[in-house]
Amino acid sequence: MEQLLHYVWKHKLFPLKPLRTTDGMELEVIDTGLWNTDSGPDFFNAKIKINGVLWVGNIEIHTKASDWKTHHHVGNTDYDNVILHIASEIDYEPCRSNGEKIPQMELHYPAYLLEGYNELIRTAHYPACYKIIPSLPKILMHSWLNTLQIERFEEKTKRISKLMDKYNNNWEDVFFITLARNFGFGTNSDAFELWAQTIPLRAVDKHRDNLFQVEAIFFGQSGLLDSVYDDYTDKLLKEYTYLKHKFGFTTSENCRWKLLRMRPGNFPHVRIAQLAKLYHTSQGLLSKILEAETIEQLKPMLETDTSEYWITHYTFGEISTPVKKNLSVSSINLLIINTVIPFLYAYGKYRGINRLTVRASEMLETLKPENNFITRMWRECGLEAAHAGDSQALIQLKKKYCDPKKCLYCRIGFEYLKKS
């Protein structure tokens, strides 16, 4: 059972000494790494020693070693940084894309763990203090969530400020990069940010009234338009080649787009097409956003769909059932929460316009709370988000206090220790 092996590895529920790889090399586990629940290796940034030599990289775990082949990791460069492959049954020797063998360790979970497995998976994701949360005074929790909300605003403001330094205080450029990052909706956020940094916005501005040319630049810079699939991509490539030569575009080779375990509507191809349409139709978007006083005024500004080609496509060349790919209401809300409102706050701080920072907080508190695995976890613990301000606070709480085990700096942790 692969998930149980993940649990055993994460919590080091195995004898730490003596450990050996399947070919007899001495193995020491220093850090099991960060558990990855998305596509890619199972644990990131692990640290191990093999025959006394320190290795830093990723860990992949399977029930059978041959699952490496079954799960299509053979030749996949995303797994070249795997420093240790773990399996209960060793029936295969995995290799990196260059043919180099990957060290393996045989791992089994103790028999007693299987009986309590269901209970473990129900409670392992809760913070240690979850039992006292329902008994805490509401005024204490309200005060703590307000503090966390401001912390999250300040954190996002620092990110925007760093981009401002990099882009000569150009608010339009930084807004585009931030908006693009959030069009990745978590899974492809890093790839979208890297891509956005390669978009020559001054050149695009000159062709902004032509959606096809905007798409040619956007898709050409993404690396997704790497060959001709049909008449549309043939025309896109020709247009992109012309514009690239005209303006001297530079591209990034680090945009690693993810499609695995993703709904087609969230494919990067669709999101780039939506962003191209939004950029084409929304001149002066940032200025309009800064002038908006209510959420109702903001939402229509972010409504967008795609060009006609994408009605029957999710990727290049593969025809699908016709569906108009509008940006959904929930996606618009997330863009407001993660892009628009932080920008209002950051701009207000930068310019010393207090009404903008106040407006940002007020807008956040008029939106419904986010529904994700973090807010659902807190709800199960008895901590319900009343609005998006609370859900942002709860995300901050988990990521900045629970995950790094900073319980001594948390007000809930303080109460927990008082009751211990």
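## A walk from the N-terminal strands to the surface patch

Strands S1 and S2 make a hairpin with five residues between them, and Gly 24 in the turn has a positive phi of about 90°. Before going further, please keep in mind that this is a predicted model. S1 covers residues 19-20 and S2 covers residues 26-31; the two run antiparallel and are joined by two bridges. If you want one pair to look at, find Arg 20, which stands opposite Glu 26 in S2.

From S2 we can step across to the next partner. S2 pairs with strand S4, residues 43-50, in the antiparallel sense, over four bridges. Two of the residue pairs here are easy to pick out: Val 29 has Ile 48 of S4 as its bridge partner, and Leu 27 has Ile 50 of S4. S4 also pairs with strand S3, residues 34-35, again antiparallel, through two bridges. In that pairing, Trp 35 stands opposite Phe 43 in S4.

Which strand follows S4 in a hairpin with two residues between them? That is S5, and Asn 51 in the turn has a positive phi of about 50°. S5 spans residues 53-64, and its antiparallel pairing with S4 runs over six bridges. Ile 48 is worth a second look at this point: Trp 55 is its bridge partner in S5, while in the pairing of S2 with S4 Ile 48 is the partner of Val 29.

Let us leave the strands and turn to charged side chains. A search of the whole structure finds 17 salt bridges. One of them joins Arg 96 to Glu 100, with 3.1 Å between the closest N and O atoms. What are the surroundings of these two residues like? Arg 96 is buried, with a relative accessible area of 9%, whereas Glu 100 counts as partly exposed at 41% relative accessibility.

Arg 202 takes part in two of these contacts, so to speak with a partner on each side. With Asp 173 it forms a salt bridge whose closest N and O atoms are 3.0 Å apart. Arg 202 lies in helix H8 (residues 201-205) and Asp 173 in helix H6 (residues 171-183), so this pair ties together parts that are 29 residues apart in sequence. The other salt bridge of Arg 202 is with Asp 205, where the closest N and O atoms are 3.5 Å apart. Here the two residues are three apart in helix H8, which means that about one helical turn separates them. As for accessibility, Arg 202 is partly exposed, with a relative accessible area of 42%, and Asp 205 is partly exposed too, at 32%. Asp 173, on the other hand, counts as buried at 12%. Elsewhere, Arg 159, Arg 181, Asp 190 and Glu 193 are linked in a network of salt bridges.

Next, have a look at Glu 151, which sits in helix H5 (residues 138-166). Glu 151 is partly exposed, with a relative accessible area of 26%. Setting aside residues up to four places away in sequence, Glu 151 touches Gln 396 and Tyr 401. For a sense of scale, Glu 151 and Lys 12 are 139 residues apart in sequence, and their C-alpha atoms are 33 Å apart in space.

A loop residue makes a good next stop. Thr 304 lies between helix H13 (295-302) and helix H14 (329-351). Is Thr 304 buried or exposed? Its relative accessible area is 7%, so Thr 304 is buried. A polar atom of the Thr 304 side chain lies 3.2 Å from the backbone oxygen of Gln 274. Beyond its neighbours within four places in sequence, Thr 304 is in contact with Gln 274, Lys 277 and Leu 278, and also with Lys 325, Asn 326 and Leu 327.

We finish at the surface. Leu 408, Tyr 409, Tyr 416 and Leu 417 form a nonpolar patch there, and together they have about 480 Å² of accessible area. One of these residues, Tyr 416, is placed in helix H18 (residues 411-419). At 33% relative accessibility, Tyr 416 counts as partly exposed.

How values were computed. Residues numbered from 1 in each chain as written. Predicted model: local features only at pLDDT ≥ 70, side-chain atom pairs only at ≥ 80, totals over all residues. Heavy atoms only, no water. Patch = residues over 30% accessible without salt bridge, like charges linked within 9 Å, V, L, I, M, F, W, Y side chains within 5 Å. Areas by Shrake-Rupley, 256 points an atom, 1.4 Å probe, with all protein chains shown as cover. Salt bridge = Lys/Arg side-chain N within 4 Å of Asp/Glu carboxyl O. Buried < 20%, exposed > 50% of the residue type's maximum accessible area, 1.4 Å probe, protein only. Contact = heavy atoms within 4.5 Å. Pairing = 2+ DSSP bridges. Polar contact = N/O pair within 3.5 Å; in protein donor to acceptor, adjacent residues only side chain to side chain.
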